[in-house]
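Hi,

Here is the structure we talked about. Please open it first, then read the notes below.

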Amino acid sequence: MNKIKALLFAALLVSKLSAFAQAPVEKYPVDSASVVHAGVPKGELIQLKFNNSKIYPGTTRNVTIYVPAQYDGKKPACLYVNQDGVQFKAPTVFDNLINNKEMPVTIAVFIAPGQVSAPDKQTAINRNNRSYEYDSIGDTYVKFLLNELLPEVEKQKTADGRPILLSKNANDRAIGGSSSGAIAAFNAAWERPDQFTRIFSSIGTYVGFRGAERFPTLIRKYEPKPLRIFMQDGTNDLNNYVGDWWITAQMMERAFQFAGYEVDHAWGEGGHNGVQATAIFPQAMRFLWKDYPKPVAAGVSKNAFTNTIVLPGQGWELVGEGYGFAEGTAVNAAGEVFYQDIPNSKTYKVDVNGKLTTLKLDAKKASGTAFGPDGKRYTVAGGTKQILSYDADSKETVIASDIAGNDLTVANNGNVYVTVPDGTDKPSKIYLIKPNGEKTVVDEGIKYANGLTLSPDQTELYVTESSTHWVYAFQVNADGTLSAKQHFGWLHVPDTAENAWSDGAKCDVNNRIYVATRLGIQILDEIGRVISIMPTPNGSPSNLCFGGPNFDILYVSVKDKVYRRKVGVKGANSFDKPFKPNTPKI
C-alpha cells in the first residue's frame with residue numbers, strides 16, 4: 001500500500017510540475033523605445049466618448065487620440081488605429097520612434113469596443129459588443145471606422161488649437177490590435193487595402209468564433225493585396241472549443257508567405273496575454289514603417305493558378321461608368337465586347353481598339369447577352385419577355401416569346417439555353433430553344449438559376465445558383481436536353497450573406513470556370529474547386545467575358561461600372577467549334 005501511495009504521490013508531483021512547465025515566466029529584453037527618455041517630446045492625449053453610431057446603434061465607447069509633438073496641424077499626419085484602447089505602451093513608443101525618425105509623424109486612435117448600457121445596472125448588465133464588432137469578418141467594422149469614428153476624430157483639436165488632419169492615403173495608415181482586436185485590425189485592412197496597408201497582429205483570434213478560421217484558405221486563393229503584416233503569438237496561447245490560437249497564427253503566417261505577402265513575426269512561449277506584444281511593439285512598428293514613404297506593394301503568390309491568370313503590372317482599368325446597372329457582357333468572333341445598361345435599355349460596344357460607343361437601338365431592358373455561330377447577338381429582353389437576335393446591321397428578330405429570362409448562352413450547333421429564375425425560394429427553369437424556334441423546359445428546381453456557360457467541348461453546361469454557394473453541372477445530350485445534374489462547383493460565401501450570389505459565368509480554354517460572385521471573380525478548376533479569387537473594384541460583379549482580338553482581356557460589369565484587365569489566359573467561346581480541353585487534374 002505504501003508503495004502504491006508513493007507512486008501516486010510521484011505521479012501527482014510530476015503532474016503539478018508539468019502544469020508549471022506549461023506556463024513559463026515571460027521575460028523579454030526591454031526595447032529602448034518603450035522607455036520614457038528625458039528630452040524626448042511627449043505627445044498629447046485627447047479623450048473622446050463616441051455614442052452616435054448608426055452602424056452599431058446604442059453603443060458607447062471611449063476613444064483616446066494620441067497627437068505627437070512634431071505634428072504641426074498644417075498637413076495630414078499618418079494614422080495608426082488600435083482596437084481595445086491604449087496598449088503596448090504605444091504613446092511612449094511613438095514618442096521615441098517619431099523623435100528618432102524611425103516612423104513618420106503619426107496620429108494614433110485607440111478605440112475601445114462598444115457597449116450598450118443596461119437601463120438599470122442594479123438588475124441588468126451592459127451588452128458587450130466586442131465580439132460582434134471585432135470577431136466578425138466582412139466590412140461592417142471598417143465602415144464604422146471610415147464613415148463614423150474617424151470623421152468624429154477629425155472634428156477634435158489639440159489643447160493649443162491644432163486641427164486633427166488624417167492622411168487618406170492607404171500607405172500612410174496602419175492598424176493593429178490584440179486577440180479579437182487583431183482579427184478586427186487584419187479584417188479591416190483585408191476588406192479595405194485602399195485604406196490600410198500596415199497591420200500589427202498580437203495573439204490574433206483566427207479561430208472559429210465568427211468565421212475567421214476561413215482566412216488561411218482565402219489568403220492562399222486571393223490575388224495578393226498590398227499589405228504588410230507583423231504577427232506575434234506564443235506556444236501557450238489558448239487551445240479550446242473554437243481552435244488553437246498558436247496553430248492558427250502559424251497557419252496565417254504560412255498563408256501570407258505562400259501568397260507573397262511581406263510578413264514578419266515574433267514567436268514566443270507565452271500565453272494569451274500582452275507581455276511579449278508589449279516588448280516587441282517597437283520592433284513591429286519599425287518593420288511596418290520601414291522604407292516609408294515607399295509604398296507597400298502587393299507580392300507575388302505561389303498559387304500557380306493565380307500566377308497563370310494574373311499578369312504583373314496589369315490592373316483593372318475603367319471602361320465606362322454611370323450606368324443604371326451594367327450586365328450582359330459578351331464577345332463576338334472579332335473580339336468586340338458588348339454589354340447592357342438594363343434600366344436604361346441601352347447597349348454598349350467596345351471595339352478591338354478599346355473605343356466605347358452606344359448602339360442606336362432600344363435594348364428592351366436586355367440582360368443576358370451572347371453571340372451565336374451565325375455571328376448574331378442574342379439577348380434576353382426583360383422588358384418584353386423575349387429572346388431576341390440582332391444581325392450586323394442591328395436588325396432585330398424575335399427568337400422566342402413569353403420567357404422572363406435572365407441569362408443565356410448559344411452553342412456552336414445553334415441551341416440556345418436560357419435561365420428563368422422565379423425568386424430565391426421558388427424553383428427556376430432552364431429553357432432550350434432550338435434553331436427552328438422550338439422551346440423546351442430542360443430543367444426545373446435550381447433556386448435562382450442565373451449565369452450559365454458551356455464547357456469548351458460543349459458536353460457540359462454550368463449553371464450558377466445565386467441563392468446558395470453552388471454551381472450546377474449538367475451533361476448536354478445529343479438532342480440538346482440535359483442530364484447528370486449535380487452540385488459541382490463549391491463557392492466561397494462572405495460572412496455578411498448566406499449565399500455567394502453567383503451571377504454570370506464563362507470558361508477559359510482550359511475549362512476553368514469564372515464566376516461573378518459577392519467576393520469578386522471566383523475561378524474554379526475543371527473539377528469544381530475554387531482555385532483563385534480576383535476581387536473586383538466597386539463591389540459585387542454581375543457578369544464577365546473574355547474580349548479583345550486574342551480573347552485575353554477580362555471584361556467585368558460591376559453595378560454602375562464596367563472594367564477590363566489583361567490576363568494570362570484565353571476565353572473559350574461557345575460559338576466556336578467544340579474542342580477537348582486539358583485532362584482534369586486531381
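Is Met-252 buried or exposed? Met-252 is buried, because its relative accessible area is 0%, and the cut-off for buried is under 20%. Keep in mind that this is a predicted model.

**Around Met-252**

Met-252 sits in helix α7, residues 245-258. Outside its neighbours within four places in sequence, Met-252 touches Phe-186, Tyr-206, Phe-215, Pro-216, Ile-219 and Met-231. Take Tyr-206 as one example: it is 46 residues from Met-252 along the chain, yet their C-alpha atoms are 7.9 Å apart.

The helix itself has 14 residues. From first C-alpha to last, α7 reaches 20 Å, close to the 20 Å expected at 1.5 Å a residue. Its buried residues are Trp-245, Trp-246, Thr-248, Ala-249, Met-252, Glu-253, Ala-255 and Phe-256. An α-helix has 3.6 residues a turn, so residues three or four places apart point the same way. The cover over the buried residues of α7 includes α5, α6, β9 (228-234), β10 (239-240), β11 (243-244) and β12 (262-268).

**Overall picture and confidence**

The protein chain has 586 residues, and 54% of them are buried. It carries nine helices and 36 strands. Along the principal axes, its C-alpha atoms fill a box of roughly 90 × 80 × 50 Å. Take the contacts between residues at least 6 apart in sequence: 61% of these join residues at least 24 apart.

Mean pLDDT for the chain is 95, and 95% of residues reach 70 or more. Residues 7-21 are below 50, and this stretch has zero contacts in the model beyond near neighbours in sequence.

**Helix α8 and what follows**

Helix α8 covers residues 275-289, 15 in number. It reaches 22 Å from first C-alpha to last, close to the 21 Å expected at 1.5 Å a residue. There is a bend of about 50° at Phe-281, and a proline, Pro-282, follows within four residues. The helix is mostly covered, with 11 of its 15 residues buried. Among them are Phe-281 and Pro-282, along with Phe-287, Leu-288 and Trp-289.

Two backbone details come after this helix. Asp-291, just after α8, takes a positive phi of about 65°. The peptide bond from Tyr-292 to Pro-293 is cis, with omega near 15°. Pro-293 lies in the loop between α8 and α9. Most residues other than glycine have a negative phi, and most peptide bonds are trans.

**Other positive phi values**

Trp-501 has a phi near 45°, positive in a residue other than glycine. Its place is the loop between β29 (482-490) and β30. Trp-501 counts as partly exposed because its relative accessibility is 27%.

Lys-559 is not a glycine either, and has a positive phi of about 55°. It lies in the loop between β35 (553-558) and β36. Lys-559 is partly exposed, with a relative accessible area of 41%.

**The largest pocket**

The largest pocket has a volume of about 1,400 Å³. Its lining takes in 47 residues, and Glu-191, Tyr-222, Lys-225, Pro-535 and Thr-536 lie nearest its centre. Elements that give two or more residues to this lining are α4 (140-153), α5 (180-191), α6 (215-221) and α9 (304-309). Which element gives the most to the lining of the largest pocket? The answer is α5, with three residues. Recall that α5 and α6 are also in the cover over the buried residues of α7.

**The largest cavity**

There are two cavities of 30 Å³ or more. The largest cavity holds about 240 Å³ of space. It is lined by 20 residues, and Ala-370, Thr-409, Lys-506, Asn-573 and Ser-574 are the closest to its centre. Strands giving two or more residues to its lining are β14 (326-331), β18 (366-371), β22 (407-410), β26 (449-454), β30 (505-507) and β34 (543-547).

Look at Ser-574 in particular. It is in the segment after β36 (561-566). Ser-574 counts as buried because its relative accessibility is 12%. Leaving out neighbours within four places in sequence, Ser-574 is in contact with Thr-409, Val-410, Ala-411, Asn-412, Leu-454 and Gln-458. One of these, Thr-409, is also among the residues closest to the cavity centre.

Best wishes

Terms used
Residues are numbered from 1 along each chain as its sequence is written. This is a predicted model: local features need pLDDT of at least 70, side-chain atom pairs count only at pLDDT 80 or more; totals for chains, interfaces and linings use all residues. Side-chain values use heavy atoms; hydrogens and water are left out. Buried means under 20% relative accessible area, exposed over 50%, partly exposed in between (1.4 Å probe, protein chains only). Contact means heavy atoms within 4.5 Å. The expected span of a helix is 1.5 Å times one less than its number of residues. The bend at a residue is the angle between axes fitted to the seven residues ending there and the seven starting there. pLDDT is the predictor's confidence in each residue, from 0 to 100. On a 1 Å grid over the protein atoms alone, a cavity is a set of points where a 1.4 Å probe fits but cannot get out, and a pocket is an open set with protein on both sides within 12 Å along at least five of seven lines; lining residues have an atom within 4 Å of a point. Grid points are joined across faces, edges and corners, and a volume is the space filled by probe spheres set on the points.
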